[in-house]
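The following paragraphs are meant to be read with the structure in view, going from the arrangement of domains to the contact of the chains and then to a sheet.

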Amino acid sequence: MRALVALLALAAPLAFALEEPVRLDAAPIDPRDVASLQAGARSFVNYCLNCHSAGMMRYHKLQDLGISEQQVKDNLLFTADKIGELMNVSMTRKDAKEWFGTAPPDLSVIARARGPDWLYTYMRSFYRDPESATGWNNMVFERVAMPHVLWTLSGQQVQVERRFRTREQAEAVGRQQKNAWKVDVLTPEQAGKDAERYILKTIRTDTAGSLSQVDYDVFVRDLVNFMTWMAEPNQVTRKQVGYVVLLVLLALLVLSYLLYKEFWKDVH
Amino acid sequence: MAAAEKQAVTGAGPFNDLLTWIDQRFPLVETWRAHLSEYYAPKNFNFWYYFGSLALFVLVIQIVTGIFLTMNYKPDAAQAFASVEYIMREVPWGWWIRYMHSTGASFFFICVYLHMFRAMLYGSYRKPRELLWIFGMLIFFCLMAEAFFGYLLPWGQMSYWGAQVIVNLFDAIPVIGPDLAIWIRGDYVVSDATLNRFFAYHVIAVPLALLALVVAHLLALHEVGSNNPDGVEIKKAKDPKTGRPLDGIPFHPYYTVKDTFGVVAFLVVFSIVVFFAPEAGGYFLEANNFIPADPLKTPPHIAPVWYFTPYYSILRATTENFMWVLAAGVVAMAGLIIWSVKNTAARICVAALAVVLLAGFFTLDAKVWGVVLMGLSVMIFFFLPWLDQSPVNSIRYKGPITKTAIALFVIAFFVLGYLGTQAVTEERTLAAQIGTAVYFLFFFLMPWYSRMDKCRPEPERVTWK
C-alpha cells in the first residue's frame, strides 16, 4: 500500500507537465442564497434566453426560488405563453448556425458540463480583439463564436502581455490579478537567446461599463449561481433528504450490529 | 416424493397449514434447508466475505431502479438526453432513482472487484471450485457488457464517443473486423439504431444472462461449499454423530444477520455518494456527459469510466515499440515452458505458437495486438485455477514470493487504472507499459513462482479468534 502511494505520488507531477489552460477563479456561489438566485434568473432571462435555450427547464420550476406564478408571468415569461412550458427560444438551430457559425448550446445543464468556476471566469474574461469576427475574444475560450453580450455592463477590456524570465516570476504576478490569467511559453528559438520567454497574459478594463468591476463580478456570480441551480434544481432537496436517510441508516446500523452480535454469541 | 410421505411443516405458527400445503407441491422445506438453514458455511469469514452478498444486493438495486428508469427513459437519439433530464427534474423522486442507478453501477464494480480479490487472496478458485470461479468470471463479463451498453443510454458526449471507440476496436480484427463493427452498431457510425439495440441488450438480454449465471454461481457454491480465509476444507472435520462440519455454522441465521449488518453499512457509504457526491468528482458521472452527443464534435480527451480504465491503459500501452518487449516476453515464456515440460509434442506446439506470435507481432498492426492484450487481460482470470500451483490455498500460508507478486499486481492494477483516466504523454505510456508487463507477468509466471515459494503448512482446522 505504501509503495502504491509512493508510485502515485511519482505519477502526479506528470499531470502538471502538460500545456496549462487559464487558471479559473473560484465562483463564490451558494445554491441556498435565494436573492442571488432570483437576480440570476432575471439576468439569465434578459441576457441569455434570446439565443440560448434552457430546453429541459420549465418556467414553473422558477417558483422554487420564491417567485410567485404571477411574478414569473409578468417579469420572466418572454419566450413562452404558459408557465408550464419549457424555456425554449424561437431561433432555430439552422438559423443560428448560419448567423453565428455555430448553434448556441442549450444551457440547461451547462453548469454540470463546464463547472461553475469555468462559467464564472469565462463571463469575466472577454476582451477586444480586432482580428475576430465579432470583435471579441475570450481568455478561457479562445476564438469563441459568442460576442460579449454583457459589454454594456462590464465595459470593454483589452488583453495585456507582460514578459518574464522565469515561470515563477510570471505566475507570482499572475496570482495577484483579479481577472483570469495564463502564462504562455515561447520556445528558445522563437524568443531568441536569453530572452524573456514567459508571457503573462491578463486583461484590463479599457472603457468602463455601467457597472463597476465589483458590481459586475456580483452580477456574474448571481448568473452563475442561477445556472448552477438550474443544472440540478433538486440539489438542495437532495442533500436535505440525504441527512434524514443517513440518520435512519445509522440507527439501523446500530440495531443490525447488535442483532448480529446477539446471534453470534453462541458461535465458539 | 409423494405428498403423503412428507412431514407437516411445524414451527410457523398460523402458517403451518399453508406451508405444508405448499411443501407437498413444491420442494419448499428442502430448498430452505439446502441453501439456508442447513447450508454450513465456515465460521471464520472475515471482512472480505461481505462483498459477495453485497454484489447481489447491488444487483437488486440496479434491477429495481432500472425498472423505474425504463418507465420514463426514451431510447431515441433525438430524445434520450432530454428524457434523462426529465427523470432528474420532473419525475417524482426521479433524481434519486437515477443517482442510485448511476452510483450503483460503480459500486457494483467495487463489490465485484473486491469479491474477486478475496478469491485471489484465499485461493477460492482452486479445486473443487474451478467452475464456481468460471461462473463468477462469466458474471463479471456480463457485468462489463451491461455497463458498456448502459453507458450509451444517457446519450451524452462520453456515452457516444466511448461507444464509438470501443466498437471501433472490433474494426481492428483482421478480415472480418470492419463488417463486424457495422453489424454491432447497425450503422456506419454510432446512431439511433445503435442506441435502440444497446437499450435492448441493457434492459433485457444481458440482465437475463446475468441472473441465470448468478443462480448457477450460487448453486455451484452450495455444491462445493464456501472456502474461508484459511483455505482449508471444513468438510474434512465433521461431527461423527450429526455429520455436520465442526467449523461450519448454518448460513441462516448466522450469516443472514451478519450480511444484513453488512448491507446497512454498505448503504451508509452508498447513500453518502448518492446524496452528497453523485458525480464522485467526475469518476461516476463524467462532466462531458452533460453535453448531448454530437457526432460531429470529437471530444479532445475520451476516457472510459474508471472500472474499465486498467484494460483501456493496456490497450493504449501497446504501441509499435512495445512489440519488441512483447516479442522478448514470448521468446522468454516459450523458453521457460520448453525447459519445464518434458513432453516433446508439447514442446513443439509451444515453439510453433511462439513463432506464429512473433510473425504476427511484426506483420499485423500494433493496434490489433492492443485489442488482443486488452481482451487477454480480462480473459486470463479464467485460467487462475490452473495457473496457481501452490501447495496451499490461502495467502496466510503462502510465501514471500506470492505475497510480493500479489502486491505488485495490485499496484499495477491501480496505476493502470489511474493512467487510463488521463491523457496520453510519453512518460505515462512508459508507465502504462511497465504496468502492463507487471500485470501479465503476475499471471504468466504464476505456475513457477507458486511452486517455488516457501509456504507454511496449512492448519488442520480453521483458525478462529
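In this predicted model, the C-alpha centres of domain 1 of chain B and domain 3 of chain B are separated by 56 Å. These two belong to a division of chain B into domain 1 (1-27), domain 2 (38-290) and domain 3 (306-452).

From the domains we turn to the contact of the chains, to which chain A contributes 34 residues and chain B contributes 32 residues. On the side of chain B that touches chain A, at least two residues come from each of α4 (80-89), α10 (251-276), α16 (400-421) and α17 (426-444) of chain B, and α10(B) gives the most, with 13 residues. By character, the residues on this side of chain B comprise 21 nonpolar, 5 polar and 6 charged.

Chain A also holds an open sheet of 3 strands, in which the order is β5-β7-β6 and the pairing is antiparallel. Because β5 (156-164) and β6 (182-185) of chain A stand at the edges and have a single partner strand each, one side of each is left without a neighbour in the sheet. Neighbouring strands of this sheet are turned against each other by 35 degrees on average, when direction is ignored. Between β6(A) and the antiparallel strand β7 (residues 198-207) of chain A there are 4 bridges, and A:Lys182 has A:Lys201 in β7(A) as its bridge partner. Helix α8 (residues 167-175) of chain A packs on the sheet, where it touches β5, β6 and β7 of chain A, and the direction of this helix makes about 25 degrees with that of β7(A).

Methods
Residues are numbered from 1 along each chain as its sequence is written. Chains are lettered from A and ligands numbered from 1 in the order in which they are written. This is a predicted model: local features need pLDDT of at least 70, side-chain atom pairs count only at pLDDT 80 or more; totals for chains, interfaces and linings use all residues. Two residues are in contact if their C-beta atoms, placed from the backbone, lie within 7 Å. Ala, Val, Leu, Ile, Met, Phe, Trp, Tyr, Cys and Pro count as nonpolar, Asp, Glu, Lys and Arg as charged, and the others, Gly among them, as polar. Domain bounds come from an automatic or database domain assignment. Two strands pair if DSSP finds at least two bridges between them. Axes are lines fitted to C-alpha atoms, for helices over the stretch in contact, and angles run from 0 to 180 degrees between N-to-C directions.
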